[in-house]
Amino acid sequence: FLSENANFVQIIEDHGLTFIGPSAKHIRIMGDKITAKDTMRRLGVPCVPGSEGALPEDPKECLRIAKAVGYPVIIKAAGGGGGRGMRVVHSADEAHAALASAQSEALKGFGRDECYVERYLVKPRHVEMQIIGDQHGNCVWVGERDCSVQRRHQKLIEESPAPNFPAEIRQAMGEAAVKVA
């Protein structure tokens with residue numbers, strides 16, 4: 001999508017035009033999942049436990065990281081999306097093949113094979129906060145959408161407002177989204 005393409009937005013910005021959406025800088029930060037997570041941690045936003053950055057080339061070190069995170073884990077492509085470059089790993093015996101497969105798919109789909117690992121949440125709730133900001137640094141959150149209905153990590157239905165969503169969590173997530181933006 002051009003709306004998520006940092007190079008496209010950079011061209012618009014370089015020509016002195018106003019892009020209605022995030023800046024090229026912000027698309028680059030949030031488009032790379034490792035950089036996005038590092039940014040969240042730096043800002044004090046709670047994150048799913050996982051590797052501190054990209055997985056190293058050393059297979060033994062990868063196994064140590066996965067064990068420290070706690071099985072099951074999920075390997076994710078840093079530049080990924082749409083469920084591509086993701087593999088669930090239930091034990092150390094599966095890790096090497098899963099990483100090789102995720103890296104291969106990531107390279108084909110995103111042009112780079114960099115991956116990271118997170119604890120795999122078996123029945124997570126996928127809720128996204130919706131924000132609006134301007135060029136002057138003003139930002140507000142305007143609600144949320146529940147994207148939990150998925151097939152192979154690909155959203156099928158997005159519902160807003162999120163049903164049965166506790167007000168205190170909504171407030172905390174909204175404030176965190178504004179802080180990050």
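## A walk from the strands to the pocket

Let us start in the middle of a strand pair: Gln130 has Gly143, in strand 5, as its bridge partner. Everything described here belongs to a predicted model, so please read each value as computed from that model. The pairing around Gln130 involves strand 4, residues 127-133, which runs antiparallel to strand 5 and is joined to it by seven bridges. Follow the chain around the hairpin and you cross five residues between the two strands. One of the residues to look at in this hairpin is Gly137, which takes a positive phi near 90°.

Strand 5 covers residues 139-151, and Glu144 in this strand is a good place to pause, as it is linked with Arg170 in helix 6, residues 167-180. The link is a salt bridge, with 2.9 Å between the closest N and O atoms. Arg170 and Glu144 are 26 residues apart, and the pair connects distant parts of the chain. Is Glu144 buried or exposed? Its relative accessibility is 3%, and Glu144 therefore counts as buried. Salt bridges with shared partners also make one network of Glu128, Arg145, Lys155 and Glu158.

Now turn to strand 1, residues 73-77. How many of its residues are buried? The count is five of five, so strand 1 can be called mostly covered. Look at one side and you find Val73, Ile75 and Ala77; look at the other and you find Ile74 and Lys76, and all of these are buried. In other words, both faces of the strand are covered, with Lys76 among the buried residues.

Strand 1 also has strand partners. With strand 2, residues 87-89, it runs antiparallel and shares three bridges. With strand 3, the pairing is again antiparallel, over five bridges. Val73 is a handy landmark for both pairings: it stands opposite Val89 in strand 2, and it stands opposite Arg119 in strand 3.

From here we can move to the second largest pocket, whose volume is about 310 Å³. Its lining consists of 21 residues, and Leu55, Pro56, Pro59, Cys62 and Leu99 are the closest to its centre. Strand 1 and strand 3 (115-119) each give two or more residues to this lining, as do helix 4 (59-69) and helix 5 (92-110). Which element gives the largest share? That is helix 5, with six residues. As for the character of the lining, 16 of its residues are nonpolar, two are polar and three are charged.

Helix 4, one of the elements in that lining, also holds a salt bridge of its own. Arg64 and Glu61 both lie in this helix, three residues apart, which is about one turn. Their side chains meet at 2.7 Å, N to O. Both partners count as partly exposed: Arg64 has a relative accessible area of 46%, and Glu61 comes to 27%.

The loop after helix 5 brings us to another salt bridge, this time between Asp32 and Arg112, with the closest N and O atoms 2.5 Å apart. Asp32 sits in the loop between helix 2 (24-31) and helix 3 (33-42), while Arg112 sits in the loop between helix 5 and strand 3. The two are 80 residues apart, and the pair links distant parts of the chain. Their surroundings fall into separate classes: Asp32 is buried at 12% relative accessibility, whereas Arg112 is partly exposed at 29%. Across the whole structure, the count of salt bridges is 13.

Finally, a look at the cysteines. How many disulfides does the structure hold? The number is zero. Cys47 is in no disulfide, and the nearest cysteine sulfur, that of Cys139, is 18 Å away. Why is there no bond between Cys139 and Cys47? The sulfur of Cys139 has its closest cysteine sulfur in Cys47, and because these two are 18 Å apart, they are too far for a bond; a disulfide needs the sulfur atoms within 2.5 Å. Both residues are partly exposed, Cys47 with a relative accessible area of 29% and Cys139 with 21%.

Definitions and conventions. Residues are numbered from 1 along each chain as its sequence is written. This is a predicted model: local features need pLDDT of at least 70, side-chain atom pairs count only at pLDDT 80 or more; totals for chains, interfaces and linings use all residues. Side-chain values use heavy atoms; hydrogens and water are left out. On a 1 Å grid over the protein atoms alone, a cavity is a set of points where a 1.4 Å probe fits but cannot get out, and a pocket is an open set with protein on both sides within 12 Å along at least five of seven lines; lining residues have an atom within 4 Å of a point. Grid points are joined across faces, edges and corners, and a volume is the space filled by probe spheres set on the points. Helices (H or I, at least four residues) and strands (E, at least two) are DSSP runs, numbered from the N terminus. Ala, Val, Leu, Ile, Met, Phe, Trp, Tyr, Cys and Pro count as nonpolar, Asp, Glu, Lys and Arg as charged, and the others, Gly among them, as polar. Buried means under 20% relative accessible area, exposed over 50%, partly exposed in between (1.4 Å probe, protein chains only). A salt bridge is a side-chain nitrogen of Lys or Arg within 4 Å of a carboxyl oxygen of Asp or Glu. Two strands pair if DSSP finds at least two bridges between them.
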